[in-house]
Amino acid sequence: MFLFAQERVIHLNQLQLLWQLQKIDDDTKSLEEKLLNLQSVAKYNSKRKEVNSLVQKKKNIEERNMQQNKELKKEEMNLQKISADLQEISNKLYSGEVTNVKELEQMEKKVSLLKKEQSRKEEYVLGIMEDVEKEEKNLELLAEELGQQQLTLKKLKEQAQKEIAQLKASLEQRKREREELTKKIQEPFLKRYQILKEKNKGKVVACVVNGICEGCKVSVPSAFRAHILNEEMVYCENCGRILVLLEG
Ligand SMILES: [Zn+2]
């Protein structure tokens, strides 16, 4: 669209060229704002947080499973030891070696204690095994969800990167257009434009349409017209913008 305008640039006077510059700068500013506030980037960031928290959750469960498996091994060894102790005592009990009643009573008491311990530990081990099994199922579901979310994240990333690249290309284009345009603008006009750009936060040039400043919608004294047509820099009394007549 701007290329078309460029073809007509030859016929524009200095003030009108400033107006073109203003349009490029406005466009650049709005592209820069868009780049900073891209919805696709916000979506990507929010999804990334979600995925990271899932990764952490999975890690926590895996860590817990590892601990529980360690605990299982330990308790299984304890159970083996109890089983061996029980075997040893029963062998002794039934061998007839021990005849002392008190000693026999003590041994039977120990057997009873060991059996209690054995059944308590067996229950404990079973509980852990059930837990591990449940967590492993959770892990499977979590891994599946994570896979899907990571795929979504990848798509969101691609979308954001695409939009960023498009905006950056547009900004590059504006930059080139600006360079071309400023070559055609005389130094005093360009210098004044830059000074006002700093001072008035980018609001430098406005068109006069039907005797009204388009920048602030306040009417411009009719006497200004001749000065503007004479390519003099005339400023809106209300907003301070340089006034341009497009039809001139
Ligand atoms: Zn104005």
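In this predicted model, K191 sits in helix α5, and it counts as exposed because 11 C-beta neighbours fall inside 10 Å, where 12 or fewer is the limit for that class. The C-alpha atom of K191 is separated by 17 Å from that of K23, although the two residues are 168 residues apart along the chain. A second pair that links distant parts of the sequence is E179 and L21, which are 158 residues apart in sequence and 9.8 Å apart in space, C-alpha to C-alpha. E179 belongs to helix α4, and with 10 other C-beta atoms within 10 Å it is exposed. Elsewhere in α4, by contrast, R174, E177 and L181 are buried.

The division of the chain into domains gives these pairs a setting. The domain assignment of the protein places residues 2–34 together with 186–244 in domain 1, and residues 39–176 in domain 2. The centres of domain 1 and domain 2, taken over C-alpha atoms, are 69 Å apart. Where the two domains meet, 6 residues of domain 1 are in contact with 4 residues of domain 2, and the side of domain 1 that touches domain 2 is made up of 2 nonpolar, 1 polar and 3 charged residues.

Two helices, α3 and α4, can be checked for their length. Helix α3 covers residues 39–95, and at 1.5 Å a residue its 57 residues should span 84 Å; the C-alpha atoms at its ends are 83 Å apart, which agrees with that expectation. Just after α3, G96 takes a positive phi of about 80°. Helix α4 runs over residues 101–184, and the same reasoning applied to its 84 residues, at 1.5 Å a residue, gives an expected span of 124 Å, with which the 120 Å between its end C-alpha atoms agrees.

The strands can be followed next. There are 3 strands in an open sheet, ordered β2-β1-β3, and the pairing in this sheet is mixed. Its edge strands are β2 and β3, each of which pairs on one side only. Strand β1 (residues 205–209) runs parallel to strand β3 (residues 242–244), to which 3 bridges join it, and within β3 the bridge partner of A206 is L243. Towards strand β2 (residues 212–213), β1 runs antiparallel and is joined by 2 bridges. V209 has I212 as its bridge partner in β2, while V208 stands opposite C213 of that strand. In a regular strand the side chains alternate between the two faces of the sheet.

What connects β1 to β2, and how does the backbone behave there? The two strands form a hairpin with 2 residues between them, and in the turn N210 has a positive phi of about 55°. N210 is a residue other than glycine, and it is exposed, because 7 other C-beta atoms lie within 10 Å of its own. E231 also has a positive phi, of about 65°, although it is not a glycine. This residue lies in the loop between α6 (224–229) and β3, and it counts as partly exposed because it has 15 C-beta neighbours inside 10 Å, a number that falls between the limits of 12 for exposed and 20 for buried.

The last part of the picture is the packing of nonpolar residues. In soluble globular proteins, nonpolar side chains tend to be buried together. Here the largest nonpolar core has 20 residues, and those with the most contacts inside it are L18, L21, V205, C213, I242, L243 and V244. The elements that give two or more residues to this core are α2 (14–36), α5 (187–199), β1 and β3, and α2 provides the largest share, with 6 residues. Several residues named earlier return in this list: L21 is the partner in the long-range pair with E179, C213 stands opposite V208, and L243 is the bridge partner of A206. V205 shows in detail how the contacts are distributed, since, leaving aside its neighbours within four places in sequence, V205 is in contact with L18, W19, Q22, R241, I242 and V244.

Note on methods
Residues are numbered from 1 along each chain as its sequence is written. This is a predicted model: local features need pLDDT of at least 70, side-chain atom pairs count only at pLDDT 80 or more; totals for chains, interfaces and linings use all residues. Two strands pair if DSSP finds at least two bridges between them. Helices (H or I, at least four residues) and strands (E, at least two) are DSSP runs, numbered from the N terminus. Domain bounds come from an automatic or database domain assignment. Two residues are in contact if their C-beta atoms, placed from the backbone, lie within 7 Å. Ala, Val, Leu, Ile, Met, Phe, Trp, Tyr, Cys and Pro count as nonpolar, Asp, Glu, Lys and Arg as charged, and the others, Gly among them, as polar. The expected span of a helix is 1.5 Å times one less than its number of residues. A nonpolar core is a set of buried Ala, Val, Leu, Ile, Met, Phe, Trp, Tyr and Cys residues joined through C-beta atoms within 7 Å.
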